[in-house]
Amino acid sequence: FFFEIIHTMKLGHRLTQLNNMIPTGYTHIWDCCCDHGLLGAALLARQASPTIHFVDIVPNLMQQLENKLQRFYPRQPIPQWQVHCIDVAKLPLSDYSESPLVVIAGVGGDLMIELVNSICLQNPQLHIDFLLCPVHHQYELRQHLIKLECRLIDEKLIEENRRFYEILYIRRDPKLPVNVANDSLTDIDPIGNVIWQASDAAQQDIAMRYLAKTIAHYSRINQSRSGNTSQALKEYQQVNIALK
């Protein structure tokens with residue numbers, strides 16, 4: 001059923017943006033917390049990678065997903081997909097020699113920090129690219145990615161159903177010295193950089209409303225509890241939204 005949706009309807013704006021940001025060339029793409037597998041199905045449909053891995057920890061969802069994959073993409077003669085009913089924190093990346101792309105979307109930034117941290121700790125020497133789309137706690141996630149010495153490939157700010165989403169396309173490569181310049185990589189900014197550079201008036205409007213909402217959020221936190229978020233608030237208050 002869901003594969004008919006992929007071919008007859010457009011993906012939502014968030015999943016479409018994630019799909020558009022994934023280039024061909026990865027041998028293995030891991031669609032984590034994939035729920036019903038819509039993003040992975042879109043990747044399969046456009047043959048974005050020789051192998052798409054669908055990962056979630058809910059057994060009945062993954063069984064249903066595997067049944068649909070068997071129907072629409074039979075694993076003959078060469079498997080195009082694999083289903084893993086496991087904790088995302090325990091991805092078996094070391095079983096595959098190629099540098100992977102790990103996509104994690106639809107979960108909070110706090111959980112995303114735990115997942116990315118576990119994946120990196122279990123694979124200390126592996127070059128891993130991540131495409132991350134947290135539901136919240138973006139500032140905290142960015143801070144942790146900086147500690148993990150990740151570098152930025154690209155970032156986007158989108159709005160879907162009155163919710164704002166930051167999408168971070170990053171790389172963790174232990175073999176790449178942190179201070180070495182690279183044309184395709186930049187440092188991760190704690191509050192974002194590219195997301196505040198609007199390409200048109202519509203994107204500028206999204207950025208301005210997102211910034212206002214974020215400043216209001218950290219202002220409320222500062223007033224309501226003793227936790228110190230003044231640094232985050234100060235940084236967001238200094239953002240200058242520019243039209244490119």
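Good morning. Accessible areas, as I shall use the term, come from the Shrake-Rupley method with a 1.4 Å probe. With that term in place, we may turn to the protein itself, which is shown here as a predicted model.

The accessible surface of the protein comes to about 12500 Å². Carbon and sulfur atoms hold 50% of that surface. Of the 244 residues, 46% count as buried.

Let me describe the overall form. The protein contains eight helices and 10 strands. Its radius of gyration is 19 Å, close to the 18 Å that the globule rule gives for 244 residues, so the protein is as compact as a globular protein of that length. Along the principal axes, the C-alpha trace spans about 55 × 40 × 35 Å. If we take the contacts with a separation of 6 or more, 70% of them are made by residues 24 or more positions apart. As for charge, there are 22 positive and 25 negative charges, and their mean positions are 4 Å apart.

I now come to the sheet. In what order do the strands of the open sheet stand? The order is β3-β2-β1-β4-β5-β7-β6-β8, which makes eight strands, and the pairing is mixed. Strands β3 and β8, the latter at residues 186-187, stand at the edges with a single partner strand each, so one side of each is left without a neighbour in the sheet.

Please look next at strand β7, which covers residues 163-172. This strand is mostly covered, as eight of its 10 residues are buried. In the sheet order, β7 is placed between β5 and β6. Strand β5, residues 128-133, runs antiparallel to β7 and is joined to it by five bridges. Strand β6, residues 151-160, also pairs with β7 in the antiparallel sense, over nine bridges.

Which residues stand opposite Leu 168 of β7? Leu 132 stands opposite Leu 168, and Glu 155 stands opposite Leu 168 as well. A further bridge partner can be named: Asp 154 is matched with Tyr 169 in β7.

Strands β6 and β7 form a hairpin with two residues between the strands. There, Asn 161 takes a positive phi near 50 degrees. Arg 162 is also found in the loop between β6 and β7, and its phi is positive, about 65 degrees, although it is not a glycine. Is Arg 162 buried or exposed? At 78% relative accessibility, Arg 162 counts as exposed.

Another residue with a positive phi is Gln 47, at about 55 degrees, and Gln 47 is not a glycine either. Gln 47 lies in the loop between α3 (38-45) and β2 (51-56). With a relative accessible area of 60%, Gln 47 is exposed.

Let us move to helix α2, where Gln 17 has its place within residues 13-21. Why does Gln 17 count as buried? Its relative accessible area is 17%, and buried means under 20%, so Gln 17 falls on the buried side of the cut-off. Leaving aside neighbours within four places in sequence, Gln 17 is in contact with Lys 156, Ile 158 and Ile 167. The helix has other buried residues too, namely Arg 14, Leu 15, Leu 18, Asn 19 and Met 21. What covers the buried residues of α2 includes α3, β4, β5, β6 and β7. Strand β7, which we met in the sheet, is thus one of the elements that cover this helix.

My last example is Ala 89, which lies in the loop between β3 (81-85) and β4 (101-105). Ala 89 is buried, with a relative accessible area of 10%. Not counting residues up to four places away in sequence, Ala 89 touches Leu 115, Ser 118, Ile 119 and Gln 122. How many Å separate Ala 89 and Pro 77 in space? From C-alpha to C-alpha they are 31 Å apart, while in sequence they are 12 residues apart.

To close, I would ask you to retain two points about this predicted model. Strand β7 pairs in the antiparallel sense with β6 over nine bridges, and five bridges join β7 to β5. Among the loop residues, Ala 89 is buried, whereas Gln 47 and Arg 162 are exposed. Thank you for your attention.

Key:
Residues are numbered from 1 along each chain as its sequence is written. This is a predicted model: local features need pLDDT of at least 70, side-chain atom pairs count only at pLDDT 80 or more; totals for chains, interfaces and linings use all residues. Side-chain values use heavy atoms; hydrogens and water are left out. Buried means under 20% relative accessible area, exposed over 50%, partly exposed in between (1.4 Å probe, protein chains only). Helices (H or I, at least four residues) and strands (E, at least two) are DSSP runs, numbered from the N terminus. Two strands pair if DSSP finds at least two bridges between them. The radius of gyration is taken over C-alpha atoms; the globule rule is 2.2 Å times the number of residues to the power 0.38. Contact means heavy atoms within 4.5 Å. Lys and Arg count as positive and Asp and Glu as negative; His and the chain ends are not counted. The place of a charge is taken as NZ of Lys, CZ of Arg, CG of Asp or CD of Glu.
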